[in-house]
Amino acid sequence: MKYISTRGNSPALSFSEVLLTGLAPDGGLYLPESYPKVSDEELTELRMLSYPELAFNIFKRFVDDIPEADLKKIVDNTYRADVYRYARKNQDPRDITPTLKINENLYLLSLSNGPTLAFKDIAMQFLGHMFEYILKKNNTELNILGATSGDTGSAAEYAMRGKQGIKVFMLSPYKKMSAFQTAQMFSLQDENIFNIAVKGVFDDCQDIVKAVSNDLDFKKKNKIGAVNSINWGRILAQIVYYFKGYLDLTKNNSEVIDVTVPTGNFGNICAGHIARMMGLPIRRLVVATNENDVLDEFFKTGNYAPRPSDKTFHTSSPSMDISKASNFERFIFDLLSRDASKLRELWSSIDKGGSFKLDDEAYRSIQNFGFISSSSKHQNRLDFIANIYKNYSVMIDTHTADGLKASIDHLDSDVPMLVLETALPIKFEETIEEAIGIKPERPDDLKNIEQLDQRFEVFDNDTDQVKQFIESNN
Ligand SMILES: *Cc1c(COP(=O)(O)O)cnc(C)c1O
């Protein structure tokens, strides 16, 4: 299995190479040269498997440069019940991603029971183990540099802490994250984790990361890498839970389900698209956005018009406050029947800050891929949090509320709907309290997290300071 770039002008790479590479040299994103199909017979066999067995079965179809016994060991180390310890009281943490029945045809897939209480753990934990393995094999090291406004940074740090050959330098805007998110990251005392609070906003942090990454000499000399949402390993790990959700909801392979995904960078739902391309009987994929509804507009009109960051709203589902979804290019590549020159044409406008509109034929073909969409607003989130709590005694977070809103817009009484739960409500206490008047109860080990000792540096908005810090800790 080789991996190719969506822009068609980069050499094909192996799985291990793609994992350590971000963007392709031609500016595109890597995808497998074809999607392995899961036959009806195979799908039936998958029904018998535990989550780690299922993950191994899916991964080995995409990975051919790591011995199967090693891959198996990596997967077993990654998907362990003790890592997914924040499962709800009546859920089995060995399930990794248990389903939760809301009513006769509405279900949640609990993806957020890992260490940082958001679904990003599922993929990031896999990446941590994978990186450690590949770096050791290649006898090299990696310094991960990233910028975060909360979720991604903490998932990355918890996945990489204590890993051999890896250091993490994570930039965040000083005093701009919630107390809980700050404590999650800054209370880590591991020697390979470096928290850098920058006096500025999130975009300043991202600009510093870009400036450092554009200094190719520095990047090479200091072995700088990334774990951002375009990393193929993150997409791959997420394909598994679509299979898990489907198998939980159905008894035989003639049944179909719909899936709704709270969407930001289009990474999660891209994995759902690939699961569907592999033959998983998903009828519809519902893209849920918040007030930042660029993708909702696209699926309703065929017009894709990303917005600059100063036109992006700050909402109560902040991990979806994205107006240019970095993984979207992967789907459009498939939509265009993998015509890289057509894709380059569309993205020549996007890369200049412009937009594009699909022609009628391409727009009509979206329905072959099952995609539909909806958007929601703050009041919708409050209403859904309150409604689900009152009627079903289930507390949901703000992003999952965006998902529920979209799922109800498209609910069909004949087809079970699975909504992906992308974070636990504990992470967004203030909005939960606004919706239902009480705060979600925290697990014992998180009750006093804000009081723990914190380990972080405070820097000016200055790329050179960050570079010097990386060099002196190398
Ligand atoms: C990252 C994130 C999302 C968006 O996921 P994408 O893969 O970027 O589409 C949604 N909800 C939460 C809670 C997240 O952390």
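How are H12 and H13 oriented to each other, roughly parallel or roughly perpendicular? The legends below, which begin with this pair, describe close-up views of a predicted model.

**Figure 1. The packing of helix H12 against helix H13.** The axes of H12 and H13 lie 13 Å apart and enclose an angle of about 10 degrees, and the two helices are therefore roughly parallel to each other. On the H12 side the meeting residues are Leu 295, Phe 298 and Phe 299, and on the H13 side they are Phe 328, Phe 331 and Ile 332. Sorted by class, the contact of H12 with H13 comprises six nonpolar residues, no polar residues and no charged ones.

**Figure 2. The surroundings of helix H12, residues 294-301.** Val 294, Leu 295, Asp 296, Phe 298 and Phe 299 are buried in H12. Packed against these buried residues are strands S10 (282-289), S11, S12 and S13 (371-375), together with helices H13 and H15 (360-365). Gly 302 follows H12 and has a positive phi, near 85 degrees.

**Figure 3. The buried face of helix H14, residues 340-350.** Ala 340, Leu 343, Leu 346, Trp 347 and Ile 350 are the buried residues of this helix. Seen down the axis of H14, these residues fall within an arc of 125 degrees, so they line one face of the helix. An α-helix has 3.6 residues a turn, so residues three or four places apart point the same way. The elements that cover the buried residues of H14 include strand S11 (303-304), helix H13 (328-335) and strand S12 (356-357).

**Figure 4. Helix H11, residues 267-277, and the glycine just after it.** Nine of the 11 residues of H11 are buried, so this helix is largely enclosed by the rest of the structure. The buried positions are Gly 267, Asn 268, Ile 269, Cys 270, Ala 271, Gly 272, His 273, Ile 274 and Ala 275. Just after H11, Gly 279 adopts a positive phi of about 110 degrees.

**Figure 5. The largest nonpolar core and a second, separate one.** The largest nonpolar core has 110 residues, and those with the most contacts inside it are Tyr 79, Trp 232, Ile 239, Tyr 242, Phe 243, Phe 266 and Phe 328. Helix H10 (residues 232-249) gives the most to this core, contributing 12 residues. Once its neighbours within four places in sequence are left aside, Ile 239 is in contact with Ile 58, Phe 62, Trp 232, Ala 271, Ile 274, Ala 275 and Met 278. A second core, separate from the largest one, has 20 residues and includes Val 286, Ile 396, Val 419 and Ile 432.

**Figure 6. The crossing of helices H16 and H17 and the loop between them.** H16 (residues 378-392) and H17 (residues 398-409) pack with their axes 8 Å apart at an angle of about 90 degrees, and they are therefore roughly perpendicular to each other. In this contact Asn 380, Arg 381, Phe 384, Ile 385 and Ile 388 of H16 meet Thr 398, Ala 401, Asp 402, Leu 404, Lys 405 and Ile 408 of H17. The residues of the contact divide into six nonpolar, two polar and three charged. Ser 393 is placed in the loop between H16 and H17, where its phi, near 55 degrees, is a positive value in a residue other than glycine. Ser 393 is exposed, with a relative accessible area of 61%.

**Figure 7. Asn 139 in the loop between helix H5 and strand S5.** The loop that holds Asn 139 runs between H5 (120-137) and S5 (142-147). Phi of Asn 139 is near 50 degrees, which is a positive value in a residue other than glycine. Most residues other than glycine have a negative phi. Asn 139 is exposed, with a relative accessible area of 72%, and its C-alpha atom is separated by 8.8 Å from that of Gly 165, 26 residues apart along the chain.

**Figure 8. Tyr 86 in the loop between helix H4 and strand S3.** Tyr 86 lies in the loop between H4 (68-78) and S3 (99-103), and at 9% relative accessibility it counts as buried, the cut-off being under 20%. Not counting residues up to four places away in sequence, Tyr 86 touches Asn 113, Gly 114, Pro 115, Leu 117, Leu 424, Pro 443, Asp 445 and Leu 446. The C-alpha atoms of Tyr 86 and Gly 153, which are 67 residues apart along the chain, are separated by 19 Å.

Note on methods: Residues numbered from 1 in each chain as written. Predicted model: local features only at pLDDT ≥ 70, side-chain atom pairs only at ≥ 80, totals over all residues. Heavy atoms only, no water. Axes fitted to C-alpha atoms, helices over the stretch in contact; angles between N-to-C directions. Helix = DSSP H or I, 4+ residues; strand = E, 2+ residues; numbered from the N terminus. Parallel < 35°, antiparallel > 145°, perpendicular 65-115°, else oblique. Contact = heavy atoms within 4.5 Å. Nonpolar A, V, L, I, M, F, W, Y, C, P; charged D, E, K, R; others polar. Core = buried A, V, L, I, M, F, W, Y, C linked by side-chain atoms within 4.5 Å. Buried < 20%, exposed > 50% of the residue type's maximum accessible area, 1.4 Å probe, protein only. Arc of directions from axis to C-beta.
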